[in-house]
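Here are my notes on the model you sent, set out as numbered points. Please read them with the structure open beside you.

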Amino acid sequence: MISQPILPASTDPKDFVIATIGSHSALQILKGARDEGLRNLVICKKGTEDVYKRYGVADEVIVIDDWSEWDSKVEEELIKRNAIVIPHGSFIAYMGHDKVGTMQSMYYGTKEILHWESDRKMERQWLEASNLKLPKVLEKPEDIDRSVIIKFHGAGGGFGYFIANTPEQFYEVKNRKYPDQNDFVIQEYVVGVPIYAHYFYSPITQELEIMSFDKRYESNADSIGRIKAADQLAANIHTSYTIVGNIPIVVRESLLPEFFTMGENVVEQSKKLCGKGLFGPFCLECIVTRKLEILVFEISARIVAGTNPFVEGSPYTALKYDVPMSTGRRISRDIKEAIESGRLEEVLG
Ligand code: ADP
């Protein structure tokens, strides 16, 4: 069920507050709001507020003991202040999809698209219909005839993913380490470099922008090569993909047209799937092969932490804007323009 908030009639951005929860990309979102002249607030679970105070980016820090206080306490405060909630990766993880759907406060983005993004089959349907190239998916372990990556459902940050090259290898690892987990997908392992493309689509300007690109710094995938192959085997290391940080990337300029087309196709297709379609920040998680094929293995329909290196903007936003434009700031600018032109409803889910 999706609830509709009651919208204030004001066209003055000063009557609103940008709100998010203290984690993930909150620093950037808060600074971005301030840079656009909007008030902001951050909701922190006790013990995590220090960083938001240290950097002084928040006008108000609301500290709660547990996320369960959201219904009883937090939402009421948000509604009182005309707060517009900006979701990020941790926000969705803490709240859960159902709660996001029934939230009463104003929410930037499309809530319905979360269903398409969180269900692997629906996500694939969306990306395929957008004419993107995707890694092959194998039906069953017996079909494994190449390098594949096994992904468990809901595995945060790639935890527990493993690589197999034959059905025997698959069963050896699966039975030994994950005997009770049967909700997984077997995906062709694409050899190439991971690139995460950060987009922004504004329903106000109706323009798709490329904000930046990053790659992730993952433990231990990014450190295994630091010891020689024989030592890797001797240590019996299993590759894991726990994200520790993000590294900025600039792509070959000749790849940009394809990246733009991919983003545009995803937005176009999303409009056929649900009401307002996808808008605001989103990310296509890609592998680029040596033949410069771009394969997409996942979409994130919100701001990703890979935009965090670009608090002061990226080489791409520097080309377009005359101020440092982070993705966080771009969100606030979208909201500000929507409020000023009486179109707030168009950017709320
Ligand atoms: P997320 O953390 O967003 O869920 P994943 O967990 O899907 O991302 O991916 C974890 C890691 O596995 C990333 O480093 C990604 O580059 C890699 N990866 C995922 N799918 C593939 C694939 N089909 N081929 C090669 N590498 C992949």
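Which polar side-chain atom lies 2.7 Å from an oxygen atom of the ligand?

1. The atom belongs to Glu218, whose side chain places a polar atom 2.7 Å from a ligand oxygen. Please keep in mind here, and in every point below, that this is a predicted model. Taken alone, the ligand exposes 550 Å², and the protein buries 94% of that.

2. Two further polar approaches to the ligand deserve a look: a ligand nitrogen is 2.9 Å from a polar backbone atom of Glu188, while an N or O atom in the side chain of Glu298 is 3.1 Å from a ligand oxygen.

3. The ligand has 19 residues around it, of which Lys151, Tyr161, Gln187, Val190 and Glu218 come nearest. Seen by element, at least two residues of this shell are supplied by each of strand S7 (148-152), strand S9 (184-188), S10, S11, S13 and strand S14 (294-300).

4. On the division of the chain, domain 1 takes in residues 13-109 + 338-347, whereas domain 2 covers 137-188. The centres of the two domains, taken over C-alpha atoms, are separated by 37 Å.

5. Helix H12 (residues 327-340) has 14 residues and, at 1.5 Å a residue, should span 20 Å; the C-alpha atoms at its ends are 20 Å apart, so the expected and modelled spans agree. At the N-terminal end, Ser326 acts as a cap, with a side-chain oxygen 3.4 Å from the backbone nitrogen of Gly328, and just after the helix Gly342 takes a positive phi of about 70°.

6. H12 is also mostly covered, since 11 of its 14 residues are buried. Among the buried residues are Arg329, Arg330, Arg333 and Asp334, together with Ile331, Ile335 and Ile339. The elements that cover them include strand S1 (17-21), helix H1 (26-35) and strand S4 (83-85), as well as strand S10 (193-202), strand S11 (207-220) and strand S13 (280-288); S10, S11 and S13 also appear in the shell around the ligand.

7. Ser105 is worth inspecting in the loop between helix H5 (97-102) and strand S5 (106-107). With a relative accessible area of 2%, Ser105 falls under the 20% limit and is therefore buried. The side chain of Ser105 makes a polar contact of 2.7 Å with the side chain of Glu75. Once neighbours within four places in sequence are left aside, the contacts of Ser105 are Pro5, Glu75, Leu78, Ile79 and Val85.

Methods. Residues numbered from 1 in each chain as written. Predicted model: local features only at pLDDT ≥ 70, side-chain atom pairs only at ≥ 80, totals over all residues. Heavy atoms only, no water. Domains from an automatic or database assignment. Helix = DSSP H or I, 4+ residues; strand = E, 2+ residues; numbered from the N terminus. Expected span 1.5 Å × (residues − 1). Buried < 20%, exposed > 50% of the residue type's maximum accessible area, 1.4 Å probe, protein only. Contact = heavy atoms within 4.5 Å. Polar contact = N/O pair within 3.5 Å; in protein donor to acceptor, adjacent residues only side chain to side chain. Near = heavy atom within 4 Å. Areas by Shrake-Rupley, 256 points an atom, 1.4 Å probe, with all protein chains shown as cover.
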